[in-house]
Amino acid sequence: MIEFDEQQQRIVLKLVYYGPALSGKTTNLLALHDQLSLDGRGELMLLDTTEDRTIYFDLLPFFYVAPSGMKIKIKVYTVPGQVRHDATRKAVLQRADGVVFVADSQLGRMSVNFESFDNLEKNLSMVGLSIERLPLVVQFNKRDVVDVVPEEEIFKAWEPTGLPVIMASALKGFGVLETFGKILEETFDSINARYGLTARYGVEREAFLSEIMKVSK
Amino acid sequence: MTFDTPNLTFVVGEEKRLAEILSPAEIEPLLRSLIKAGPVWAAVLDEDGLPICRHGDDHPPDTLQEIRHGLLVEGEPRGTLIVANDPSQFQAVEPLALLARDALQLTVNNNLKRMLTTEIHTSVVQESYEQLVGINRNLAESEKRYRELALSLEQKVEERTKELQKAYGKILQQEKLAAIGGLAAGMAHEINNPNGFILSNLTTFKKYLGRMSEMLGLYRLLASKEISSEQLKLLTEARWRELKLDFVLEDALDLLSQSQQGAERIGKIVADLKSFSHVDETSGYAADLNVELTRTLSVLKLNMVPGAVIVQDLQPLPLFTCNPGLLSQAFLNIIQNALQSSDKGKGLEVRISSRFEAGEIIIAVADNGCGIPADNLPRVFEPFFTTRDVGSGTGMGLTVARDIVNGAGGNMEIDSSAGLGTTVTIRLPHR
């Protein structure tokens, strides 16, 4: 959590889209930006890129104000996927409240996915976060591509982790909202359990989720 | 390699106030231009409604009309632009206010981007720096470890070298003993021979002595009786002849001088061996190497290969300070090799030469024996390399010889072709 100001009634949460290079993290944010209503979200900020590849991060903010006046701001970040930007990944990962791991479904990218996941686990522990307790959702992106690993195989491989796994195509736009909704739920539940959002600040789960997940017309 | 989790002083994307993103210096020129274009005054307020910058009439009349535009930070209204003017001229101000809002918003967005980029840069640089410091620390530690290791390694090497030197000294001693042992067989024969005839001579002489004392006893007995010289002569002559004393006396002399020669021969053999092995000397002194060569040869002659011819060509040499015992050992090993190189069906000739040339003592041992095959030539100095049957060669002969020569400050070369013979040349720079 970046900020919790009780006097100002303001919470700033941080969600991070993690994953190997070219798995579609920025595309996920672009799709969210397109699909969700401007009412409740801010502008997508794409920091400088080289050859269309993220070198810093992207940032998409969301806002929710509970009837009690409690304001919740959610900052959604992407990280650069390339191995050499590890320090940037670590910096972005600091104080994250939830992580979406965007994996590449294409055949032959499985080892890259696992390497990146290992890297996530390592970096989380380096910034003092526990992968066991941090809300984490796995998205298998690029389901629209022909040569992809079959769903059953993916579910079978990831089942032991107990993590929610969602199939998506950020390019075609499916699975993106589902993924975002899932990590929002998990993050809300985790923060609620710790800070009593509902009990102490009157932030209702359903209202919070539906307000942020408002689809643009 | 692990690093401490760096204590970052800030987090990327931490919430910022408008005043942190937008400085009065950036707003001021814009507001000034705005006022020039018409409005009475204009201001930018932060999230708490406090002015960050203000421009225009300090005491505006209350009748002014205001336009307010929100300024967004990450899509969230965090500040306000106020433009105020006379209600009468208000319409002209509206587009100006919008223009100013857009310009400010653009500045906010760009500044925010720049700040986020800088933050991540700083964070990455800081982390890289910390990593480097960590790496440096680890390197320094491992360097220290290696240095300690190197130090103890040096010590270990020294210990091992000492052990090796000791073991080598032992091998040298053993080689010497083996050489002497090899000589012992020939020596035994050489000593046994004279010893045998000395013994036999002494036995015979003992017998002769009996006859002589008998004869003397007879003389003594007759001398005590009153008999004529005629009688005495008669009595003794017969006995003298009986005892063959003419022959005995002559032979006894021969026996003794023969035995004396034999004993002298044994004495010489022992003296040669003793001076060859230099049992009495430990340190070096100035020696004539020709003397050493001759002595070595005289020892070797005891077990000379039948039919072998040794040719000596020894030129005068200056005295050479060395341990002559050791050098004799080297000469022995080399000459023995030459003597054992006999090719069947060919008369073996070993030529031993010495000369002094250009400040160097050069000693060469050349044979016309079997030679060394080219394959084996590079290996002849290897310890324990031998082509002889198991038990008959130690494989240390040339190794020891070369080490002795090197130890004396010289070098040793082998030139050989299979079937034609071998020449070993020792060069000792004269000091």
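Two residues are in contact here if their C-beta atoms, placed from the backbone, lie within 7 Å. Keep that cut-off in hand for the helix stops below. The model is predicted.

**Stop 1: chain B, helix 6 and helix 7**

Select residues 289-300 of chain B, which form helix 6. Add residues 324-339 of chain B, which form helix 7. The two axes lie 9 Å apart, and the packing angle is about 50°. That makes helix 6 of chain B oblique to helix 7 of chain B. The crossing of these two helices is right-handed.

Now show side chains. From helix 6 of chain B, pick B:Leu289, B:Glu292, B:Leu293, B:Arg295, B:Thr296 and B:Leu300. They meet B:Pro324, B:Leu327, B:Ser328, B:Phe331, B:Leu332, B:Ile335 and B:Gln336 of helix 7 of chain B. Colour this contact by class: eight residues are nonpolar, three polar and two charged.

**Stop 2: the sheet beside helix 6**

Stay in chain B. Select the open sheet of five strands, ordered 6-8-9-11-10 with mixed pairing. Which strands stand at the edges? They are strand 6 (309-314) and strand 10 (411-417) of chain B. Each has a single partner strand, so one side of each is left without a neighbour in the sheet. On average, neighbouring strands of this sheet are turned by 10° against each other, direction ignored.

Bring helix 6 of chain B back into view. Helix 6 of chain B packs on this sheet and touches strand 6, strand 8 (349-357) and strand 9 of chain B. The direction of helix 6 makes about 170° with that of strand 8 of chain B.

Next, select residues 360-367 (strand 9) and 421-429 (strand 11) of chain B. This pair is antiparallel, with eight bridges. To check the register, click B:Ile361; its bridge partner in strand 11 of chain B is B:Leu428.

**Stop 3: all of chain B**

Zoom out. Chain B holds eight helices and eleven strands. Of its 431 residues, 24% count as buried. Take the contacts in chain B between residues at least 6 apart in sequence: 70% of them join residues at least 24 apart.

**Stop 4: chain A, strand 2 and its partners**

Switch to chain A and select residues 10-18, which form strand 2. Eight of the nine residues of strand 2 of chain A are buried, so this strand is largely enclosed by the rest of the structure.

Add strand 1 (residues 3-5) of chain A. Strand 1 runs antiparallel to strand 2 of chain A, joined by three bridges. A:Asp5 stands opposite A:Arg10. The two strands form a hairpin with four residues between them. In the turn, click A:Gln9: its phi is positive, about 55°.

Add strand 7 (residues 71-78) of chain A. Strand 7 runs parallel to strand 2 of chain A over eight bridges. Here A:Lys14 stands opposite A:Lys75.

Then add strand 8 (residues 98-104) of chain A. Four bridges join strand 8 to strand 2 of chain A, and this pair is parallel. A:Leu15 stands opposite A:Gly98.

**Stop 5: chain A, helix 2 and helix 3**

Select residues 86-93 (helix 2) and 110-126 (helix 3) of chain A. How do their axes cross? They come within 9 Å and cross at roughly 55°. That makes helix 2 of chain A oblique to helix 3 of chain A. The crossing is right-handed.

Finish with side chains. A:Asp86, A:Arg89, A:Lys90 and A:Leu93 of helix 2 of chain A meet A:Asn119, A:Asn123, A:Leu124 and A:Met126 of helix 3 of chain A. By class, this contact has three nonpolar, two polar and three charged residues.

Methods. Residues numbered from 1 in each chain as written. Chains lettered and ligands numbered in written order. Predicted model: local features only at pLDDT ≥ 70, side-chain atom pairs only at ≥ 80, totals over all residues. Axes fitted to C-alpha atoms, helices over the stretch in contact; angles between N-to-C directions. Parallel < 35°, antiparallel > 145°, perpendicular 65-115°, else oblique. Left-handed = near helix turned anticlockwise from the far one by under 90°. Nonpolar A, V, L, I, M, F, W, Y, C, P; charged D, E, K, R; others polar. Pairing = 2+ DSSP bridges. Buried ≥ 20, exposed ≤ 12 C-beta atoms within 10 Å, placed from the backbone.
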